[in-house]
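I open this notebook to record what I looked up in one structure. My interest lies in its nonpolar cores and its pockets.

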Amino acid sequence: WVVADGRLRSRAGQGPLARPEAADPSLFSSVLTAEVGRSGQVWYGGPNGYIGAVSNGTVNVFGEQPGQLLETVWALVEARNGDVWAGTANGGLRRLRRGRFTSLTTGEGLSDNSVRCVFEDREGTLWVGTVGGGLNRVKPRKLTTYTTRDGLSHNVVMSLAQDADGTLWVGSNCGGLSVRR
């Protein structure tokens, strides 16, 4: 699976890149992020305000619900419990659980509603990188924010990764890497 020219494409064996089949081709018209889920399905999202999943040739799309707008999706991660977390451009963090969305925004303590990256570490802690609000650690009933005041190199967090030793690496815009052991 690859996001090429803003579109989700797949390749089987040595064959050419192909667009997944769907009743509505616009479902793949612009894709900003794609993530392989724990059971092998591919989750994807983009500026069209929905999250999609491709599994065994079947496409499922989860979109806006009454009273709730799902904004541009920049980042996705499927947690070990099966929840799918989506980082949005201005709508904070969205959780998809059993086909329904809930939100975590600045109103609930998130440091910024512009979420650039989401990562679940090997202990099951969710880490959320924001565009200006630094890094958030999300645990059940507890949200902690880390910024430049706490040693983060920059408050615009663009990427997150964990190495074999359990060290969390935080990539930032104009600030290089920060390390959280």
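The entries below take the cores first and the pockets afterwards.

**Entry 1: the cores.** I note at the outset that this is a predicted model. I looked up the largest nonpolar core and found that it has 12 residues, among them A75, V77, W85, L104, V118 and V138. I then asked which strands each supply at least two residues of this core. They are β7 (73–78), β11 (115–120) and β12 (126–130). Apart from this core lies another, of 10 residues, including C117, W127, V157 and L168. I recall that nonpolar side chains in soluble globular proteins tend to be buried together.

**Entry 2: the contacts of A75.** I set aside the neighbours within four places in sequence and listed what A75 is in contact with: T33, W85, A86, G87, R116, C117 and V118.

**Entry 3: the largest pocket.** I recorded about 390 Å³ of space in the largest pocket. Its lining has 20 residues, and W85, R95, V138, K139 and P140 are the closest to its centre. Two or more lining residues come from each of β9 (93–97), β10 (100–104), β13 (135–139) and β14 (142–146). The largest share, three residues, is that of β10. By type, I noted seven nonpolar, five polar and eight charged residues in this lining.

**Entry 4: the second largest pocket.** Here I recorded about 180 Å³ of space. The residues that line this pocket include D121, W127, R137, K139, L168 and R181. I noted that its lining divides into two nonpolar, three polar and six charged residues.

Conventions
Residues numbered from 1 in each chain as written. Predicted model: local features only at pLDDT ≥ 70, side-chain atom pairs only at ≥ 80, totals over all residues. Heavy atoms only, no water. Core = buried A, V, L, I, M, F, W, Y, C linked by side-chain atoms within 4.5 Å. Buried < 20%, exposed > 50% of the residue type's maximum accessible area, 1.4 Å probe, protein only. Helix = DSSP H or I, 4+ residues; strand = E, 2+ residues; numbered from the N terminus. Contact = heavy atoms within 4.5 Å. 1 Å grid on protein atoms, 1.4 Å probe; cavity = no way out; pocket = protein on both sides within 12 Å on 5 of 7 lines; lining within 4 Å. Points joined across faces, edges and corners; volume = space filled by probe spheres on them. Nonpolar A, V, L, I, M, F, W, Y, C, P; charged D, E, K, R; others polar.
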